[in-house]
Amino acid sequence: MPLLELDCITQAYGDHVVVRDLSLSLEPGQIACLLGASGCGKTTALRCIAGFEPVQRGHIRLEGQEVSGSVHVPPENRQIGMVFQDYALFPHLSVLDNIGFGMGNATRKERQARVEELLERIGLTGQGHKYPHQLSGGQQQRVALARALAPQPRLILMDEPFSNLDVELRERLSVEVRDVLKAMGTTAILVTHDQHEAFAVADMVGVMRDGRIEQWDTPYRLYHCPATRYVADFIGQGVLLPGEVAGPEMVRMELGLLHSDLPLECNAECMACGKNCHLDILLRPDDVIHDDEAPIRAEVVHKAFKGAEFLYTLRLPSGRQVLSLAPSHHDHALGEKIGIRLDVDHVVAFLTQP
Ligand SMILES: Nc1ncnc2c1ncn2[C@@H]1O[C@H](COP(=O)(O)OP(=O)(O)OP(=O)(O)O)[C@@H](O)[C@H]1O
């Protein structure tokens, strides 16, 4: 049985529909992420799950039991833990007391054992006597996670939990949070606009747009097999280059012929002949390989040093540009023409808009 099911939920503020027919299902122990641009409705969806907002249509079920829809179970009876962007720790309570705060029904001994266990999980053993202001931002957020986990909730909801932290710490903490959640078998949903966080933490990611989930998929598939132009553009870097269907599973483009393992998207007439449909082909920087032996030459118009790699922007003979990631010992000057070839695992193609 899924731990959480959202069945076509809709929520509006007045006339402004913010969440539209949103459905998803989470298995116990799964970590999901709602990812999207500011204002797409991620926080509102999370607030509906927590019970802070009623849903106007649809149903939410936790462990098969309806909590929103024809009934409305209040937030405090849903056994859901929350982690917020600003940590929301009690400043006048020690770390120990913050973590133990929500364990009202436990005995002193149980509470102590649980808090010690969680302190160890978050790497703060021996620091329980400190107060929030004596901790770094990353440590405070780990305490906030421990506090949310302490009462053994059915589900943890995290709203932009890393956005107050600097980039390096954000990456490290997102991996640590995933490890803690996985070690405890906790089901969780993260809300963020940062795809690196989403990819570091979640098993499944829903890319949201305008209140809807545009694609619900694994991070790998979102990157390599985006279902729509919007997802292709929102996730990762890349360019769309024009191509032409040369057969049901083959496309011709400026950089050569590409074989697709799936039938290419065609319009009805093209289905009949299997040729000449115009497509836009997605090329990621890792699809375009720098190779001195390759006959196709492209001019370096921009380069960004990434440490282990350069991200080159290259101009093709047609004037169109592609991105290419190359190991950083291949250090080429602006204006230089370098050989490139394609190494595309899956062809991602969208029918050219008339
Ligand atoms: N309480 C409210 N009353 C009226 N409108 C609201 C309320 N809360 C949110 N909205 C509007 O709903 C839309 C979606 O907001 P929401 O916070 O869910 O988006 P979000 O994707 O989480 O954005 P962000 O990343 O900026 O937090 C926005 O246009 C916002 O202005």
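This short presentation describes a predicted model of a protein with a ligand, from its overall make-up to a few individual residues.

Good morning. Two conventions come first. Residues are numbered from 1 along each chain as its sequence is written. In this predicted model, local features need pLDDT of at least 70 and side-chain atom pairs count only at pLDDT 80 or more, whereas totals for chains, interfaces and linings use all residues.

Let me begin with the whole protein. It has 9 helices and 20 strands. Both are DSSP runs numbered from the N terminus: helices are H or I with at least four residues, and strands are E with at least two. Along the principal axes, the C-alpha atoms fill a box of roughly 75 × 50 × 35 Å. Of the 354 residues, 37% are buried. Here a residue is buried if 20 or more other C-beta atoms lie within 10 Å of its own, exposed if 12 or fewer do, and partly exposed in between, with C-beta atoms placed from the backbone. Two residues are in contact if their C-beta atoms, placed in that way, lie within 7 Å. Among contacts with a separation of 6 or more, 64% are made by residues 24 or more positions apart.

I turn to the ligand. Which residues surround the ligand? They are Tyr 13, Val 18, Gly 36, Ser 38, Gly 39, Cys 40, Gly 41, Lys 42, Thr 43, Thr 44 and His 193. A residue is counted here if its C-beta atom, placed from the backbone, lies within 6 Å of the molecule. Helix α1, residues 42–50, gives the most to this shell, with 3 residues. By class, the shell holds 3 nonpolar, 7 polar and 1 charged residues. In this scheme Ala, Val, Leu, Ile, Met, Phe, Trp, Tyr, Cys and Pro are nonpolar, Asp, Glu, Lys and Arg are charged, and the others, Gly among them, are polar.

Next, helix α5. This helix covers residues 167–183, has 17 residues and reaches 25 Å from its first C-alpha to its last, close to the 24 Å expected at 1.5 Å a residue. The expected span is 1.5 Å times one less than the number of residues. The buried residues of α5 are Arg 170, Leu 173, Ser 174, Val 177 and Leu 181. They lie on the same side of α5 because they cover an arc of only 110 degrees around the axis; the arc is that of the directions from the helix axis to the C-beta atoms. An α-helix has 3.6 residues a turn, so residues three or four places apart point the same way. The buried residues of α5 pack against β3 (31–36), α4 (137–149), β7 (155–159), β8 (188–192) and α6 (195–201). On the face turned away from the buried side, α5 carries the exposed residues Glu 168, Val 175, Asp 179 and Ala 183. Just after α5, Gly 185 takes a positive phi of about 65 degrees.

Strand β7 was among those partners. All 5 of its 5 residues are buried. Leu 155, Leu 157 and Asp 159 lie on one side, and Ile 156 and Met 158 on the other. Strand β6, residues 80–83, runs parallel to β7 and is joined to it by 4 bridges, with Gly 81 opposite Ile 156. Another 4 bridges join β7 to β8, again in parallel, and there Ile 156 stands opposite Ala 188. Strands count as paired if DSSP finds at least two bridges between them.

Strand β12, residues 250–253, offers another pattern. Its side chains alternate: Val 251 and Met 253 point to one face and are buried, while Met 250 and Arg 252 point to the other and are not. β12 pairs in the antiparallel sense with β11, residues 239–247, over 4 bridges, and with β13, residues 256–259, over 4 bridges. Met 253 stands opposite Gly 243 in β11 and has Gly 256 as its bridge partner in β13. The β11 and β12 strands form a hairpin with 2 residues between them, and β12 and β13 form one with 2 residues between them.

Finally, two residues in loops. Most residues other than glycine have a negative phi. Tyr 87, in the loop between β6 and α2 (95–100), has a positive phi of about 65 degrees. Gln 152, in the loop between α4 and β7, has a positive phi of about 55 degrees. Are these residues buried or exposed? Tyr 87 is buried, with 20 other C-beta atoms within 10 Å, whereas Gln 152, with 13 such neighbours, counts as partly exposed.
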